[in-house]
Amino acid sequence: MQKYFFLFMSDSRDKEEILHTFAETLRRYRPQKGLTQLDLAVAVGLDLRQIKRYEAATSTATIVYVCRIADALDVSAGDLLTNPTNDM
């Protein structure tokens, strides 16, 4: 299992901003890796509806699922929590 280096969120980033950043990066990385929402759900042990909620920014992923999703997408957990407009 890869090592994780987590971003420590400053007070300037609220929950909504983090939630939307995660959703946006997930929507960008998943198809780049050639995975459907169903493929990702199966790979990380979640229901398809939950992946849809993450991508719609209507549900918050636990750190366990952020790490599982990062593994499935072959990126770091930090990559999923970093604003893609700054990094991509």
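This report describes the helices, the nonpolar core and the aromatic pair of a single chain.

**Overall build**

The model is predicted. The chain has six helices and zero strands. Read along the sequence, the pattern is α-α-α-α-α-α. Of the 88 residues, 38% count as buried. The accessible surface comes to about 5400 Å². Carbon and sulfur atoms hold 53% of that surface. Contacts across the sequence matter to the picture here. Among contacts in the chain with a separation of 6 or more, 67% join residues 24 or more positions apart.

**Two helices with a buried side**

Helices α2 and α3 can be read in turn. The table lists their buried residues and the arcs that these cover.

| Helix | Residues | Buried residues | Arc around the axis |
|---|---|---|---|
| α2 | 37–44 | Gln37, Leu40, Ala41, Val44 | 100° |
| α3 | 48–55 | Gln50, Ile51, Tyr54, Glu55 | 140° |

Start with α2. Gln37, Leu40, Ala41 and Val44 are buried in this helix. They line one face of α2, because they fall within an arc of 100° seen down its axis. The face turned away from that buried side carries the exposed residues Val42 and Ala43. What do the buried residues of α2 pack against? They pack against α1, α3 and α4. Just after α2, Gly45 takes a positive phi of about 80°.

Now α3. Its buried residues are Gln50, Ile51, Tyr54 and Glu55. They sit on the same side of α3, because their arc around the axis is only 140°. The cover over these residues includes α1, α2 and α4. Just after α3, Ala57 also has a positive phi, of about 60°.

**The nonpolar core**

The largest nonpolar core has 18 residues. Those with the most contacts inside it are Phe22, Ile51, Tyr54, Ile69, Leu73 and Leu80. Which elements give two or more residues to this core? They are α1, α2, α3, α4 and α5, the last spanning 77–80. The largest share comes from α4, with four residues.

Leu73 shows how the chain meets itself. Leaving aside residues up to four places away in sequence, Leu73 touches Leu26, Tyr29, Arg30, Lys33, Leu35, Leu40 and Leu80. One of these, Leu40, is among the buried residues of α2. Another, Leu80, is listed with Leu73 among the residues with the most contacts inside the core.

**The aromatic pair**

The structure holds one aromatic pair. Phe22 and Tyr54 form it, with an edge-to-face geometry. Their ring centres are 5.8 Å apart, and the planes stand at 70°. The pair links distant parts of the chain: Phe22 lies in helix α1 and Tyr54 in helix α3, 32 residues apart. Are Phe22 and Tyr54 buried or exposed? Both are buried. Both also appear among the residues with the most contacts inside the largest core.

**Glu24, on α1**

Glu24 belongs to helix α1, which covers residues 15–32. Its relative accessible area is 27%. Glu24 therefore counts as partly exposed, since buried means under 20% and exposed over 50%. Glu24 and Ala56 are 32 residues apart in sequence, yet their C-alpha atoms are 8.4 Å apart in space.

Methods: Residues are numbered from 1 along each chain as its sequence is written. This is a predicted model: local features need pLDDT of at least 70, side-chain atom pairs count only at pLDDT 80 or more; totals for chains, interfaces and linings use all residues. Side-chain values use heavy atoms; hydrogens and water are left out. Buried means under 20% relative accessible area, exposed over 50%, partly exposed in between (1.4 Å probe, protein chains only). The arc is that of the directions from the helix axis to the C-beta atoms. Contact means heavy atoms within 4.5 Å. Rings of Phe, Tyr and Trp (its six-membered ring) pair if their centres lie within 6.5 Å; planes under 30 degrees apart count as stacked, over 60 as edge-to-face and the rest as tilted. A nonpolar core is a set of buried Ala, Val, Leu, Ile, Met, Phe, Trp, Tyr and Cys residues joined through side-chain atoms within 4.5 Å. Accessible areas come from the Shrake-Rupley method with a 1.4 Å probe; for residues, only the protein chains shown count as cover.
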